[in-house]
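Q: Please take a close look at a single part of this model, one strand, and say what surrounds it. Then set that strand in the wider picture.

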Amino acid sequence: MEKKSTDQLKQICSQVRRDCLRMVHAVQSGHPGAALGLCEYFVALYFNEMEHDSNFNFDGKDEDLFFLSNGHVSALWYSVLARSGYFSTDELATFRKINSRLQGHPATHEGLPGIRIASGSLGQGLSVAIGTAQAKKINGDNKTVYVMMGDGEQQEGQVWEAAMYAAHHKVDNLIAAIDYNGQQIDGPTVKVMDLKNLKAKWEAFGWEVLEIKKGNDMESVLAGLEEAGKLKGNGKPILILLYTEMGFGVDFMVGTHKWHGVAPSDAELENALGQLEETLGDY
Amino acid sequence: MEKTLDLKYTYTEKKDTRSGFGDGLLEAGRKNPNVVGLCADLIGSLKMGAFQKEFPDRFFQVGIAEANMIGLAAGMTIGGKIPFTGTFANFSTGRVYDQIRQSVAYSDKNVKICASHAGLTLGEDGATHQILEDLGMMRMLPHMTVINPCDYNQTKAATLALVDHVGPAYLRFGRPSWPIFTPADLKFEIGKAWKMIDGNDVTIFATGHLVWEAVVAEAMLREEGISAEVINIHTIKPLDEEAILKSVAKTGCAVSAEEHQLNGGLGDSIAQVLSRNNPAPLEYVGVNDSFGESGTPTQLLEKYGLNAENIVKAAKKALKRK
Ligand SMILES: Cc1ncc(C[n+]2csc(CCOP(=O)(O)OP(=O)(O)O)c2C)c(N)n1
């Protein structure tokens with residue numbers, strides 16, 4: 001896939017945000033908050049950074065692969081997959097409805113192209129991504145595995161079992177990222193279960209940690225990903241602390257856990273769509 | 001359809017069973033100072049907010065760390081606390097099975113594992129969250145009491161009953177708004193099946209949300225001249241074998257109905273009792289060895305064969321096998 005200009009990427013983000021909101025609204029269920037916050041990162045990955053083939057090949061040999069551990073961000077992933085050619089954007093209208101391939105949380109069960117493992121139960125994706133990264137090494141495949149996690153998700157013990165393992169086994173073809181939006185279901189992470197110094201924790205576990213302080217700014221995201229790419233192959237797994245704002249792009253949704261898993265009403269949708277340009281045509 | 005039927009139980013209000021848990025827990029907290037609550041970042045979904053507000057010193061937010069929560073709860077029993085843990089049914093069981101097995105069941109600790117969003121009726125979140133194996137997993141554990149109430153009132157009563165019950169227990173309830181058709185003042189007796197409707201031709205043993213479907217099915221069968229007995233099995237373990245055998249001795253055949261896999265759930269529990277004592281025909285209503293998917297509760301109950309129509313079909317099949 002040819003690389004897009006930063007402007008083009010920003011335009012895609014606007015459309016993807018519209019998709020996410022319309023999908024969640026249509027079925028009055030789903031998780032708009034983190035989806036809106038992660039648009040820049042996903043779009044940068046799928047439209048610029050990763051070498052991947054939308055003629056989906058399950059084993060993804062000689063391709064960069066992406067895993068979503070915080071599976072509730074499914075609306076965003078589906079939109080980005082559809083917009084990058086994995087399946088028709090029309091299918092986005094079936095999100096979370098019965099008999100759909102677009103399950104509430106990502107699944108392989110219905111055969112949706114682009115998904116290689118189910119997620120939704122938190123804390124499991126990093127282990128899977130590490131396993132796949134090791135399989136790549138065994139196969140002599142020098143492409144990269146990416147994985148996204150939530151910050152609340154860091155409270156799961158399995159994340160740290162995986163963290164320890166990846167450093168020990170020098171899984172350096174892996175770029176993990178944490179959606180550092182400071183929110184989870186019951187409130188701000190600092191109030192629910194303080195993560196304290198996440199950067200120091202990951203460094204102590206033996207990871208190369210870099211921060212993207214402006215995770216909703218396309219230039220910053222691209223620069224951060226480029227930097228992360230340069231750190232590959234140095235014997236350490238790589239973690240990006242991606243500072244985002246939950247609900248970014250819609251003024252009444254931004255910066256609060258309230259929109260973690262709530263669908264907008266008709267009026268709220270209209271208001272929100274008024275703030276996001278339709279750049280590529282709604283599905 | 002329901003409207004035109006002559007139902008033996010009716011309702012004026014619908015509410016989620018998890019609210020029955022939340023309201024029961026609050027009352028339990030007022031009655032017994034040893035009751036403590038723990039939740040893994042799902043206070044709103046589990047309806048534990050009122051308890052947290054009234055008893056901030058007896059409530060613990062553990063974050064998204066269910067395994068830790070089970071261990072903490074087990075520890076708190078040493079010192080006389082009665083912990084009620086709250087998260088979704090999947091994360092209350094499958095996620096933490098070994099923690100429950102070793103620290104709660106085997107160690108015989110007085111922990112109440114309270115699980116919401118069980119089964120298909122959780123709806124749009126889909127199969128990752130729709131656990132259909134929890135009753136089986138929990139009933140296989142020695143020492144464990146397993147309760148699956150049918151509506152708001154029964155869930156509230158069950159929650160209160162668990163305060164006085166000593167030992168590990170699993171309380172399963174759900175997300176959707178559901179008819180409230182049982183009396184608010186009915187005493188909840190753990191381990192005692194409740195015969196809701198008398199009948200002669202076939203017994204329907206139902207648990208959880210499907211008790212309502214069984215009530216509807218009874219009326220449908222009656223219209224066709226079939227007399228069904230409906231028994232509410234709110235306690236899967238210990239199972240009220242006496243009530244089961246007594247009913248089947250009269251009717252000669254049975255149907256089990258549950259929002260769960262056919263493997264390992266209520267139907268299998270009843271089959272065990274029948275095969276040992278009175279091998280009468282038993283038909284199962286439940287999910288047939290498959291995962292769920294996204295959809296509305298009604299659509300899913302229909303697609304996976306769990307609604308009143310399916311209970312009627314199963315009852316007729318059981319009757320034919322007599
Ligand atoms: C094992 C597990 N426990 C609980 C949940 C329910 N749950 C879904 S999302 C979520 C909060 C996740 O927080 P975070 O990772 O910060 O994601 P964000 O709120 O930023 O979207 C919880 C508790 C789950 N999906 N999996």
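A: Two strands pair if DSSP finds at least two bridges between them, where strands (E, at least two residues) and helices (H or I, at least four) are DSSP runs numbered from the N terminus. The model is predicted, so local features need pLDDT of at least 70 and side-chain atom pairs pLDDT 80 or more, while totals for chains, interfaces and linings use all residues. Residues are numbered from 1 along each chain as its sequence is written, with chains lettered from A and ligands numbered from 1 in the order written.

The strand chosen is E2 of chain B, residues 35-39. 5 of its 5 residues are buried (20 or more other C-beta atoms, placed from the backbone, within 10 Å of the residue's own). E2(B) is therefore largely enclosed by the rest of the structure. In a regular strand the side chains alternate between the two faces of the sheet. For E2(B) both faces are covered: one side carries Val35(B), Gly37(B) and Cys39(B), the other Val36(B) and Leu38(B), and all of these are buried.

Two pairings of E2(B) can be described. With strand E4 of chain B, residues 82-88, the pairing is parallel and runs over 5 bridges. In this pairing Val36(B), one of the buried residues of E2(B), stands opposite Pro83(B) of E4(B). With strand E3 of chain B, residues 59-61, E2(B) shares 3 bridges, again in the parallel sense. Here Cys39(B) stands opposite Gln61(B). Cys39(B) lies on the side of E2(B) that also holds Val35(B) and Gly37(B).

Chain A offers a counterpart in its strand E3, residues 174-180. Of its 7 residues, 7 are buried, so E3(A) too is largely enclosed by the rest of the structure. On one side of E3(A) are Leu174(A), Ala176(A), Ile178(A) and Tyr180(A), and on the other Ile175(A), Ala177(A) and Asp179(A); all are buried and both faces are covered. E3(A) pairs in the parallel sense with strand E2 of chain A, residues 145-150, over 6 bridges. In that pairing Gly150(A) has Asp179(A) of E3(A) as its bridge partner.

E3(A) belongs to an open sheet of 5 strands with parallel pairing, in the order E1-E2-E3-E7-E6 of chain A. Strands E1 (65-68) and E6 (208-212) of chain A stand at the edges with a single partner strand each, so one side of each has no neighbour in the sheet. For E6(A), 5 bridges in the parallel sense lead to strand E7 of chain A, residues 238-243. Glu211(A) stands opposite Leu241(A) in E7(A).

Chain A as a whole has 10 helices and 7 strands. Its C-alpha trace spans about 50 × 45 × 35 Å along the principal axes, and 52% of its 283 residues count as buried.

The ligand lies between chains A and B. Around the ligand there are 24 residues (C-beta atom, placed from the backbone, within 6 Å). Those that come nearest are Ala34(A), Leu122(A), Gly150(A), Gly152(A) and Gln184(A). Two elements give two or more residues to this shell, helix H2 (32-37) and strand E4 (183-184) of chain A. Gly150(A), listed among the nearest residues, is also the bridge partner of Asp179(A) in E3(A).

Methods:
A residue is buried if 20 or more other C-beta atoms lie within 10 Å of its own, exposed if 12 or fewer, and partly exposed in between; C-beta atoms are placed from the backbone.
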